[in-house]
Amino acid sequence: MKKITLDTLQRKKHPKEGAKPCKISAITAYDALFATLFDPYIDLILVGDSLNMSFNAYPDTLSANMQTMLYHTKAVCRGAQRAFVVADMPYGSYTNEKQALKNALKFYQHTRADAIKLEGGQARAPLIKRLVQEGLAVVGHVGLLPQSVRGVGGYKIVGKTQQSAQQVLEDALSVQEAGAGLVVLEGVVASVATEISKCLDIPTIGIGSGAGCDGQILVFSDMLGLFKAFKPKFVRTYLEGATLVENALKRYVQDIQTGCFPAQQESY
């Protein structure tokens, strides 16, 4: 299987003459086991700081740190041989240029991540430009910013007013101009996200931003029905994972209690 690169993803939006654009498939992963399962099918795997919520049961992403993200990125990279792997820069790891460069380089030095992702638009553009100058592939993230939820008072959809729509467009354009190779549009009104995707040369990856984006991403535990605490409106569940696991556990416990596991063929 040929390794997917940033050029591969960009060509999905801008294919050779006569070919049709192709949507980008993306999903989160936090370990080698699931990365191995996803790798043959998915274009982009994000080692998201969402692991803080779906994997570690915290109420938000903010307490994820560099040590945590490096650990999980290493694991995902061991499982993903084909997919384009993006590592999230955690909250507080890129507050200034010197700190951002030091931490971003750690992902390249200690993991096989193909790119790093950071949140923010116009304000982050100079930072993105500096990282790109250093040879890093950068994925931007505009719209609803999970690392800023406490500052803005919660998870709020972006683009409901003309002013808000214009701001997220300017943010996306700034990220592109700074040199980002992709941009995530999160929680953006679908019609606004569609127009932004048309305006940008780089691909957009949507989450809760409608079908007009150049690709889509979901948190894997949401998509597989493993996370049961809540279900966002934009999530489509493709497997009742939690129910399947619960049923399997019940059968396992019953087999132990009745003595039918292990059987003779399962014993030395």
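The second largest pocket has a volume of about 460 Å³, and that's where we'll start. A few ground rules before the exercises. The model is predicted, so local features need pLDDT of at least 70 and side-chain atom pairs count only at pLDDT 80 or more, while totals for chains, interfaces and linings use all residues. Residues are numbered from 1 along each chain as its sequence is written, and side-chain values use heavy atoms, with hydrogens and water left out.

**Exercise 1. Work out what lines the second largest pocket, and which strand gives the most to that lining.**

Step 1: pin down the term. On a 1 Å grid over the protein atoms alone, a pocket is an open set of points with protein on both sides within 12 Å along at least five of seven lines, a cavity is a set where a 1.4 Å probe fits but cannot get out, and lining residues have an atom within 4 Å of a point. Points are joined across faces, edges and corners, and a volume is the space filled by probe spheres set on them.

Step 2: find the centre. Of the 19 lining residues, Q216, I217, L218, F234 and Y238 lie nearest to it.

Step 3: look at the strands (DSSP runs of E, at least two residues; helices are runs of H or I, at least four; both numbered from the N terminus). β1 (24–28), β7 (204–207) and β8 (215–218) each supply at least two lining residues. β1 gives the most, with four.

Step 4: sort by class. Ala, Val, Leu, Ile, Met, Phe, Trp, Tyr, Cys and Pro count as nonpolar, Asp, Glu, Lys and Arg as charged, and the others, Gly among them, as polar. That gives 11 nonpolar, six polar and two charged residues.

**Exercise 2. Do the same for the largest pocket, then for the largest cavity.**

Step 1: the largest pocket holds about 620 Å³ of space. Its lining has 28 residues, with P146, E186, I207, V219 and F234 nearest the centre.

Step 2: α3 (51–54) and β6 each put at least two residues into this lining. By class, you get 14 nonpolar, eight polar and six charged.

Step 3: now the cavities. There is one of 30 Å³ or more, and the largest cavity has a volume of about 50 Å³. L44, L46, V86, K117, V139, V184, I205 and I217 line it. Seven of these are nonpolar, none polar and one charged.

**Exercise 3. Check the length of helix α8 and find what its buried residues pack against.**

Step 1: the expected span is 1.5 Å times one less than the number of residues. For the 17 residues of α8 (162–178) that comes to 24 Å, and the end C-alpha atoms are indeed 24 Å apart.

Step 2: list the buried residues (under 20% relative accessible area; exposed is over 50%, partly exposed in between; 1.4 Å probe, protein chains only). In α8 they are A165, V168, L169, D171, A172, S174, V175, Q176 and A178. As for spacing, an α-helix has 3.6 residues a turn, so residues three or four places apart point the same way.

Step 3: find the partners by contact (heavy atoms within 4.5 Å). They are α6 (125–133), β5 (138–143), β6 (182–186) and α9 (190–199).

Step 4: see what comes next. G179 follows α8, and its phi is positive, near 115°.

**Exercise 4. Trace which parts of the chain the aromatic pairs Y30–F55 and F34–F220 tie together.**

Step 1: rings of Phe, Tyr and Trp (its six-membered ring) pair if their centres lie within 6.5 Å; planes under 30 degrees apart are stacked, over 60 edge-to-face, the rest tilted. The whole structure has seven aromatic pairs.

Step 2: Y30 and F55 make an edge-to-face pair, 5.9 Å centre to centre with 70° between the planes. Y30 sits in the loop between β1 and α2 (32–38) and F55 in the loop between α3 and α4 (66–79), so the pair ties together parts 25 residues apart in sequence. Y30 is buried at 2% relative accessible area, whereas F55 is partly exposed at 42%.

Step 3: F34 and F220 form a tilted pair, 4.5 Å centre to centre with 40° between the planes. F34 is in helix α2 and F220 in helix α10 (220–223), so this pair links parts 186 residues apart in sequence. Both F34 and F220 are buried.

Step 4: put it together. Y30, F34, F38, F55 and F220 form one aromatic cluster.
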